[in-house]
Amino acid sequence: MTPARRYLLPLLIPFLLAAPAQASTCHGRPGAGSIAGAVALPASGANFEAYSRLGVQMGRTHVHARVREVVLDAYAALARSHPGKHYVYGETGLEEGGRMRPHRTHQNGLSVDFMVPVLDAGGRSVALPSSPLNKFGYGVEFDAHGRADGLRIDFEALAEHLVQLKQAARKRKVGIALVIFDPALKPALLKTARGKELKGLPFMQGKPWIRHDEHYHVDFAVPCQPMKLKAG
């Protein structure tokens with residue numbers, strides 16, 4: 001190594017370490033796709049946590065890098081505006097995308113499940129219970145009033161989260177392509193203080209293939225490459 005290079009290397013190291021990670025590239029669509037350069041969501045933060053540590057370890061919480069920015073921006077905004085609220089995100093996707101059973105979508109890094117925020121009997125914001133016995137939260141069944149096992153859906157917190165996702169996506173120049181939530185519970189969501197701001201979101205019209213009462217599914221919109229053709 002020349003003296004000049006030996007002198008410059010220590011000066012360049014901080015810039016190399018601070019260099020942004022390689023951008024994600026999605027292929028196809030949520031229902032048939034893949035992704036390169038996916039990133040994992042943090043297992044927890046100041047006001048949020050993953051639905052399952054096991055799910056995190058199994059690599060089921062990867063997303064497109066731009067989706068990660070939107071999700072974390074929204075949580076940061078909620079921590080400032082509603083510090084007492086606790087949020088849980090569900091499954092997102094695999095590191096390289098593709099089919100992740102039992103989901104029909106979640107294939108190209110643009111899909112995120114968010115577990116509904118809930119209040120306990122004392123009105124405290126708590127995490128939705130998660131264990132193998134209730135399919136890590138996905139097996140919780142809420143009634144028509146949003147109640148289950150001594151818990152009730154915090155519709156105000158849910159609405160606030162969707163608004164913050166909408167605002168964060170707009171700032172990051174990311175679209176929201178689809179929101180899926182149980183039609184029977186949607187009227188209560190739209191009656192919240194933020195309800196009017198939710199009417200512009202692209203909620204699924206009609207009945208989803210599963211209820212989506214314990215979670216709400218969001219497909220983000222980022223330009224993707226055509227689906228890769230399999231060799232052979």
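**Figure 1. Burial of helix H4 in the predicted model**. Twelve of the 17 residues of H4 are buried, so the helix is largely enclosed by the rest of the structure. The buried set in H4 begins with Phe-155, Ala-157, Leu-158 and Ala-159. It also includes the polar or charged side chains of Glu-160, His-161 and Gln-164, and it takes in Leu-162, Val-163, Leu-165, Ala-168 and Ala-169. From first to last C-alpha, H4 reaches 24 Å, close to the 24 Å expected at 1.5 Å a residue. Just after H4, Lys-173 takes a positive phi of about 60°.

**Figure 2. The salt bridge between Lys-85 and Asp-154**. The side chains of these two residues meet with N and O 2.7 Å apart. Lys-85 lies in the loop between H3 and E6, and Asp-154 in the loop between strand E11 (151–153) and H4, so the pair ties together parts that are 69 residues apart in sequence. Lys-85 counts as partly exposed, at 23% relative accessibility. Asp-154 is buried, with a relative accessible area of 6%.

**Figure 3. Asp-73, Arg-172 and the network with Glu-69**. Asp-73 and Arg-172 form a salt bridge in which the closest N and O atoms are 2.7 Å apart. Asp-73 belongs to helix H3 (residues 65–81), while Arg-172 sits in the loop between helix H4 (155–171) and strand E12 (175–180). The two residues are 99 residues apart, and the pair links distant parts of the chain. Both ends are partly exposed: Asp-73 has a relative accessible area of 28%, and Arg-172 has one of 34%. Through salt bridges that share partners, Glu-69, Asp-73 and Arg-172 are joined into one network.

**Figure 4. The buried pair Glu-91 and Arg-60**. A salt bridge connects Glu-91 with Arg-60, and their closest N and O atoms are 2.4 Å apart. Glu-91 is in the loop between strand E6 (87–89) and strand E7 (111–115), and Arg-60 is in the loop between helix H2 (53–57) and strand E5 (62–63), so the bridge ties together parts that are 31 residues apart in sequence. Glu-91 and Arg-60 are both buried. The structure holds seven salt bridges, this pair being one of them.

**Figure 5. The disulfide between Cys-26 and Cys-224**. The sulfur atoms of Cys-26 and Cys-224 are 2.0 Å apart. The structure has one disulfide. The torsion about its S-S bond is about -95°, so the disulfide is left-handed. Cys-26 lies in strand E1 (residues 25–29) and Cys-224 in the segment after strand E13 (215–221), so the disulfide ties together parts that are 198 residues apart in sequence. Cys-26 is buried, with a relative accessible area of 1%, whereas Cys-224 is partly exposed at 27%.

**Figure 6. The protein chain as context for the close-up views**. The secondary structure of the chain comes to six helices and 13 strands. Of its 232 residues, 44% count as buried. Among contacts between residues at least 6 apart in sequence, 76% join residues at least 24 apart. The accessible surface of the chain comes to about 12,500 Å², and 57% of that surface belongs to carbon and sulfur atoms.

Conventions: Residues numbered from 1 in each chain as written. Predicted model: local features only at pLDDT ≥ 70, side-chain atom pairs only at ≥ 80, totals over all residues. Heavy atoms only, no water. Salt bridge = Lys/Arg side-chain N within 4 Å of Asp/Glu carboxyl O. Helix = DSSP H or I, 4+ residues; strand = E, 2+ residues; numbered from the N terminus. Buried < 20%, exposed > 50% of the residue type's maximum accessible area, 1.4 Å probe, protein only. Expected span 1.5 Å × (residues − 1). Disulfide = S-S within 2.5 Å. Contact = heavy atoms within 4.5 Å. Areas by Shrake-Rupley, 256 points an atom, 1.4 Å probe, with all protein chains shown as cover.
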